[in-house]
Amino acid sequence: LTNPPAPPVTPPSPAGPPAPPMGKEVRRAEPIATDSPRDTIAMAGWQTLLDRLNFSCGTIDGHFAKRSRRAITQFQIHRALATTGEIDIETRINLGKPGDAYMDYSITAEDLLHVIPKPKGFVAMSKLPTLDFNDPWEMLAEKTHSTPSFLKELNPSVTNLVVGTQLTLPNLEGTRKLPPVSRIVITISETTLLAFDTNNKVVACFPCSIAADKTKVPNQPLTVANIAPNPNYTFDPKVLFLAAQQEGITNKLVIPPGPNNPVGTAWIGLSLQGYGIHGTPEPEDVSRTGSHGCFRLANWNATKLVRAVRPGVTVEVVP
């Protein structure tokens, strides 16, 4: 996304409902070691358990870095544990046994129907009914809140994804539904969004990209103005003038919904015109690169949040 979206961003027409569930899942009994994680697969198991409880490490990738430490720290605060920022013994006990952190998965024909490479240019994108996944690995990564590179590491013998291919994937079955959210706090220094329930308790921690230009960070009270699950996107040549010049676009275009839409799979419009909390087609970059003003979340986290907020919810942006 090269500029904040041009409001209004409208939800899709009734002809474009969200894609149905994909694939056939089988629970695995194979356990992961319950001592302190020492490799990417063991760590990814704990990231999966955190994700189920809505304390997201951004992407499940097995890398223990800043995003994982922030998720662990907020989970420890949530459970009144010592805030070590580590997967220590008390944290592991509270997360539960990770024996079902992975599952067997069989690719179906329906899965592959959602793989339609995105064309280059906004004009070409505007002519499609939906902006689905560029390739099967991206589809699986989005489904499991992971990265394609980690899924390839988890399945080193798999080279061709076709109907019937068997894989091992992170298991997100049993993910806790977010309760109604009454307040959102975005911490600039931590590039983190916290969602609070009606008892003022943190119930979700999501990595969040903020404006690279700090002068574009809102410094006023904000509220949720509108929400749009699975939105389309209005391309305004007056806002995205460089892209418009390159393609010779002079009129507004409607870019269809989908995970590769410029605002991803969810839009939460804020009371400051042109600003919102939204998804992204590039989840690995969330909190690692700056935005042009809006607050970006991984698609799956933006979708969780859009289902739990309503207009009027306060949004605080703090240092």
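A residue is called buried when its relative accessible area is under 20%. The structure described here is a predicted model, and the report treats helix H2 and strand E4 in turn.

**Helix H2**

In helix H2 (residues 66–78), the buried residues are Arg67, Ser68, Arg70, Ala71, Ile72, Gln74, Phe75, Gln76 and His78. The cover over these buried residues includes helix H1 (40–52), helix H3 (89–95), strand E5 and strand E6 (202–207). The length of H2 agrees with expectation, because its 13 residues at 1.5 Å a residue should span 18 Å and its end C-alpha atoms are 18 Å apart. After H2 comes Ala80, which has a positive phi near 60°.

**Strand E4**

Strand E4 (residues 183–187) is largely enclosed by the rest of the structure, because five of its five residues are buried. In a regular strand, side chains alternate between the two faces of the sheet. In E4 both faces are covered: Arg183, Val185 and Thr187 are buried on one side, and Ile184 and Ile186 are buried on the other.

The pairing of E4 with two strands is set out below.

| Partner of E4 | Bridges | Direction | Residues standing opposite |
|---|---|---|---|
| E5 (residues 192–196) | Five bridges | Antiparallel | Thr187 of E4 and Thr192 of E5 |
| E13 (residues 314–318) | Five bridges | Parallel | Arg183 of E4 and Thr314 of E13 |

E4 and E5 form a hairpin with four residues between the strands, where Thr191 takes a positive phi near 40°. Strand E5 thus appears in both parts of this report: E5 is joined to E4 by five bridges, and E5 is among the elements that cover the buried residues of H2.

Notes. Residues numbered from 1 in each chain as written. Predicted model: local features only at pLDDT ≥ 70, side-chain atom pairs only at ≥ 80, totals over all residues. Heavy atoms only, no water. Buried < 20%, exposed > 50% of the residue type's maximum accessible area, 1.4 Å probe, protein only. Helix = DSSP H or I, 4+ residues; strand = E, 2+ residues; numbered from the N terminus. Pairing = 2+ DSSP bridges. Expected span 1.5 Å × (residues − 1). Contact = heavy atoms within 4.5 Å.
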